[in-house]
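Thanks for asking for a second pair of eyes on this one. Here are my notes, point by point, to read alongside the sequence and the 3D view.

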Amino acid sequence: MFSEHGDIIAVLFNYPPVASPEPDVSNKILWVSRLPQQPMRPLTIEAVLDGTTTSVVREIAGGPGPSSVNLPKAGCWHLTLSWSGHTDAMTLRFT
């Protein structure tokens with residue numbers, strides 16, 4: 001999945017990603033930035049479930065790269081992605 005500005009992509013290893021309130025359930029996602037990165041700066045994901053006030057924040061240590069991401073409810077999530085001074089957004093549907 002490409003971000004809105006094309007500055008970062010999410011390579012999903014299972015599609016569609018699965019939502020779960022269980023902490024041991026996660027989705028393998030490889031984040032790839034086309035912009036320069038500062039070493040060891042995290043990728044911060046601010047996720048808001050469409051049509052609700054439900055929001056969560058996830059942090060990927062070390063910035064874009066391999067990750068395990070879990071969101072608590074199924075639905076369409078709007079993600080604001082911040083890394084190394086860059087910001088972009090994307091929408092992902094979790095089942």
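1. Does M40 count as buried or exposed? At 68% relative accessibility, M40 is exposed, because the cut-off for that label is over 50%. Please keep in mind that this is a predicted model, so every value in this note is computed from predicted coordinates.

2. While you are at M40, have a look at its backbone. Its phi is near 65°, a positive value in a residue other than glycine. M40 sits in the loop between β2 and β3.

3. S84 makes a good companion to that case. Phi of S84 is near 45°, again a positive value in a residue that is not glycine. S84 is found in the loop between β6 (75-83) and β7 (86-94). With 10% relative accessibility, S84 counts as buried, whereas M40 counts as exposed.

4. A further backbone feature to check is the peptide bond between Y15 and P16. That bond is cis, with omega about -5°. P16 belongs to the loop between β1 and β2.

5. Now to the sheets. One of them is an open sheet of four strands, ordered β4-β3-β6-β7, with antiparallel pairing. At its edges stand β4 (55-60) and β7; each has a single partner strand, so one side of each has no neighbour in the sheet. On average, neighbouring strands here are turned by 20° against each other, direction ignored.

6. Inside that sheet, follow the pairing of β3 with β6. These two strands run antiparallel and are joined by seven bridges. If you would like a residue pair to find on screen, E46 stands opposite T80 in β6. As general background, strands of a sheet pair through backbone hydrogen bonds, either parallel or antiparallel.

7. There is also an open sheet of three strands, in the order β1-β2-β5 and with antiparallel pairing. Its edge strands are β1 (8-12) and β5 (66-69), each of which pairs on one side only. From one strand to the next, the twist averages 35°.

8. The pairing of β2 with β5 can be traced residue by residue. Strand β2 covers residues 27-33 and pairs with β5 in the antiparallel sense over four bridges. N27 has V69 of β5 as its bridge partner, and I29 has S67 of β5.

9. Which side chains along β5 are buried, and which are not? The side chains alternate: S67 and V69 point to one face and are buried, while P66 and S68 point to the other face and are not buried. The two buried residues also turn up in the previous point: V69 as the bridge partner of N27, and S67 as the bridge partner of I29.

10. Next, the charged side chains. The count of salt bridges comes to one. R34 and D7 form a salt bridge through their side chains, at 2.8 Å from N to O. R34 lies in the loop between β2 and β3 (43-49) and D7 in the segment before β1, so the pair ties together parts that are 27 residues apart in sequence. In general terms, side chains of opposite charge can pair when their charged atoms come close.

11. How do R34 and D7 compare in their accessibility? R34 is exposed, with a relative accessible area of 58%. D7, by contrast, is buried, because its relative accessible area of 12% falls under the 20% cut-off.

12. D7 deserves a closer look for its surroundings too. Leaving aside residues up to four places away in sequence, D7 touches V32, S33, R34, L35, W83 and D88. R34 in that list is the salt-bridge partner of D7.

13. Finally, the surface. V11, F13 and V32 form a nonpolar patch there, with about 230 Å² of accessible area together. V11 lies in strand β1 and is partly exposed, with a relative accessible area of 32%. V32, another member of the patch, is among the residues that D7 touches.

Definitions and conventions. Residues numbered from 1 in each chain as written. Predicted model: local features only at pLDDT ≥ 70, side-chain atom pairs only at ≥ 80, totals over all residues. Heavy atoms only, no water. Pairing = 2+ DSSP bridges. Axes fitted to C-alpha atoms, helices over the stretch in contact; angles between N-to-C directions. Patch = residues over 30% accessible without salt bridge, like charges linked within 9 Å, V, L, I, M, F, W, Y side chains within 5 Å. Areas by Shrake-Rupley, 256 points an atom, 1.4 Å probe, with all protein chains shown as cover. Salt bridge = Lys/Arg side-chain N within 4 Å of Asp/Glu carboxyl O. Buried < 20%, exposed > 50% of the residue type's maximum accessible area, 1.4 Å probe, protein only. Contact = heavy atoms within 4.5 Å.
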